[in-house]
Amino acid sequence: MTSAAALPLGRRLRWLALAVALVAWAAVALLAPAALQQADERATDLVWQLAAEEAQERRVVVVDIDDDSLQRVGPWPWPRETQARLVDALRAQGASLQLFDVVFADERQGTGELARALAATRDSGPAVLAQVFALKHESTQRSGQLTGALPGQACLPPAAPAQGYVANVAGLDTPAGHITPRLDADGAVRRVPALVCFGQRNYPALALAGLLALDNPAAAVPLQVEPGSRPWDPAWTLTLSGTPGLRVPLDANGDIRVPYHKARRSLVSISAADVLEGKLAQPNVLAGAWVLVGASAFGLADAVPTALGGAVSGVEVHAQLLTGILDEAVPYTPRAASSFQAAWAALAILALLALSWHRAAASSARLQSRHVLWIPVAALVFATLGFALHGVALLAVHWWLGWAHASLAIVLAGLFLGLAEHARSLSEKGRLFRNLASYLPAAVAEKIALLEPSGEISAERRDLTVVVADVRNFSAYCEVRSPEDAARVLHRFYGTASSIIEANGGTVEEMTGDSLVAVFNGSRACPDHPAQALAAARELWLRCSEELPNVPPQGLEPLGLGVGVESGTALVGSFGPASRRVHTVLGQPMTVAMRLQEMTAELAYPILVGAETAERVGVPFERQELALKPLGSFLLPGLRHSSKVFTLRTLVQPGSDAEQQSLQYLKQQGHLAA
């Protein structure tokens, strides 16, 4: 389980990650709002492309001035008489509404004939012309005669202010609607101002002007605009007096978002030449239809990018808008859209935090590592789900919520939470390794930390020197002293002995009970390991003997230190089942060193050295303090053959009690010192 000390660090890292994610999100939102808006718009385009209806649309029909029309009728602009014939032909075919995405801005011969044809449509399918306004100070040009203004002499609140216009030539006394688009940063048309205000008069969009012409063009108040009041309402709602049940939602800028809910091939498009020549493939296709007249011919400069693909005729934008209004499927941004995004981001981030906390409680290191990866992956899933929710809301209830801000916050939170968990994982691994290295040699701990547990033998043969040190009389000492006192003695011995071993190039392999096993040239390379082991043994005896309590309890022998040293080839590694491994040293040097340590009390020499170590360093050793003195040949317990035993010459004082005790023991055992 994760230790209690690690939990505050995890919490701090998580809150720091969320704070950094919030700052990063705020920086992007402030410095690159257009990029986030474009992400929202491109996502909406994808929704339209994936969900566009394929069923053929028969209510709205496009009459296209296409390349074939120019070849058959003549180059553009057509004479006004030809335009008049087109109006008459559409009326004769039974069109109930004619909307022209064409501006007749210049004075030409035949204007009177066109005016006559347009006037004839008032009682049998009215005609509405187009006019264009300049917004955002694009131009101050004023050309033609504006028509189609709503009653009243004040700009309605959501109307877009205009500074210039291009209208139809005077004399065409026909209602008009503007075809002024809002161009996004990528040039696509996704919104159209519902109303444009010029000279304190309000002019509706072409689609709205057509609906007004059908409903009640003489009404005193043909339309009303009301602000939204509920969180799920649009910023503004436009209603027509003639069709009170038809509501058109507007955004905060007073724009209508174009619903590209119809596939392009679902729109019926007829060549204008076929209408003029009476060669319709479907004779009744125009009967009762609302007709949009526009141009797609190359060179007429009426191509705009839309959500459904590349550049298309602008008349398709009006066709999509008109069908969306008829179907009451115009998308809008609810007043609480930002709150919806914030709520979704908060829920997703809480889920990421829950995943992070679950990871903190995981007992498996493998599970913890997976959770570090799961957090950013989960963030991507939540961000994608945000896009899906945006699409579902758009298609089901016509809410345009947006998803980029929430998804950016979620992704940043997931990224930084993942980094925080990774940092915590590294911290925990470092702490785990340090703890493991306090029980095992550092090289062994590092190897174990990087490998999966195994039930196989993992060991290697090494030429090494083993040093076994034991505190003599410690068991009797523990009988009469408190456990705390005994623990302090043992703790001090382990600390001093470990520092001595490591300072001389060795590695502490085991600390069991009151004994210690050290290896030179085991997991840690040590070229001159016999001499370094002897130096460490001598320092162990000198320093640890001074630190052990020198005043024993009454009736007990004083504590002492016994050290056995032997060299040779041994197996160093890990053994046992995968569920419980042990790291140790196996081989002749280990056995001999342990037996020599056990004999130190009997021979009264604190350090005993095996024959192999003595042979390698040489008895007349050049370092005087490490010179060896032979004690004779002994059959060590558990072994079949006797071997020579040595001690450090500097430990033997001629005539001392220790030398006399040793000689007495040797005589009793039948040995003589060499």
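# A guided tour of the chain

Select strand E12, residues 236-240, together with E13: the two pair in the antiparallel sense over four bridges. You are looking at a predicted model, so treat each stop as a description of that model. Within this pairing, pick out Thr-239 and look across to Arg-247 in E13, which stands opposite.

**Stop 1: the sheet around E12**

Now add E11 to the selection. What is the strand order here? It is E11-E12-E13, an open sheet of three strands with antiparallel pairing. Strand E11 (223-227) and strand E13 (247-250) are at the edges with a single partner strand each, so one side of each has no neighbour in the sheet. If you turn the view to follow the strands, the twist from one strand to the next averages 25°.

**Stop 2: the helix across the sheet**

Keep the sheet on screen and select helix H6, residues 206-215. This helix lies across E11, E12 and E13, and runs at about 35° to E12. Is H6 largely enclosed or open to the outside? Eight of its 10 residues are buried, so H6 is largely enclosed by the rest of the structure. To see them, colour Leu-206, Ala-207, Leu-208, Ala-209, Gly-210, Leu-211, Leu-212 and Ala-213, the buried residues of H6. While you have a helix in view, a general point may help: an α-helix has 3.6 residues a turn, so residues three or four places apart point the same way.

**Stop 3: an aromatic cluster**

Next, show the aromatic side chains. How many aromatic pairs does a search of the whole structure find? It finds 10. Start with Phe-133 and Tyr-203, a tilted pair with 5.3 Å centre to centre and 40° between the planes. Phe-133 sits in strand E3 (residues 127-135) and Tyr-203 in strand E10 (residues 201-204), so zoom out a little to see how this pair links distant parts of the chain, 70 residues apart. Both Phe-133 and Tyr-203 are buried.

Then move to Tyr-165 and Phe-198. Their rings are edge-to-face, at 5.1 Å centre to centre with 80° between the planes. Tyr-165 belongs to strand E5 (residues 160-166) and Phe-198 to strand E9 (residues 195-198), so this pair ties together parts that are 33 residues apart in sequence. Tyr-165 counts as buried because its relative accessibility is 14%, under the 20% cut-off. Phe-198, at 12% relative accessibility, counts as buried too.

Select all four residues at once: ring pairs link Phe-133, Tyr-165, Phe-198 and Tyr-203 into a cluster.

**Stop 4: a charge over a ring**

For another kind of ring partner, centre on Trp-400. Arg-257 lies over its face, at 4.2 Å from the ring centre.

**Stop 5: a hairpin**

Select strand E22 (residues 560-575) and strand E23 (residues 582-586). They run antiparallel and are joined by five bridges. Label Gly-573 in this view, and its bridge partner in E23, Thr-584. The hairpin has six residues between the strands, and there Gly-576 takes a positive phi near 105°.

**Stop 6: two single residues**

First go to Gln-56, in the loop between helix H2 (33-51) and strand E1 (57-65). Gln-56 is partly exposed, with a relative accessible area of 48%. Try a distance label between the C-alpha atoms of Gln-56 and Leu-267: the separation is 6.2 Å, although the two are 211 residues apart along the chain. Which residues does Gln-56 contact, leaving aside its neighbours within four places in sequence? They are Ser-266 and Val-268.

Then select Thr-496, which lies in helix H14 (residues 483-503). Thr-496 is buried, with a relative accessible area of 8%. Leaving aside neighbours within four places in sequence, Thr-496 is in contact with Arg-543, Cys-544 and Glu-547.

**Last stop: the whole chain**

Finally, zoom out and show everything as a cartoon. The chain has 18 helices and 26 strands. Of its 674 residues, 50% are buried. Switch to a surface view: the chain exposes about 31,500 Å², with 57% of that supplied by carbon and sulfur atoms. Among contacts in the chain with a separation of 6 or more, 74% come from residues 24 or more positions apart.

Technical notes: Residues are numbered from 1 along each chain as its sequence is written. Side-chain values use heavy atoms; hydrogens and water are left out. Buried means under 20% relative accessible area, exposed over 50%, partly exposed in between (1.4 Å probe, protein chains only). Contact means heavy atoms within 4.5 Å. Accessible areas come from the Shrake-Rupley method with a 1.4 Å probe; for residues, only the protein chains shown count as cover. Two strands pair if DSSP finds at least two bridges between them. Axes are lines fitted to C-alpha atoms, for helices over the stretch in contact, and angles run from 0 to 180 degrees between N-to-C directions. Rings of Phe, Tyr and Trp (its six-membered ring) pair if their centres lie within 6.5 Å; planes under 30 degrees apart count as stacked, over 60 as edge-to-face and the rest as tilted. A charge sits over a ring if NZ of Lys or CZ of Arg is within 6 Å of the ring centre and within 35 degrees of the ring normal.
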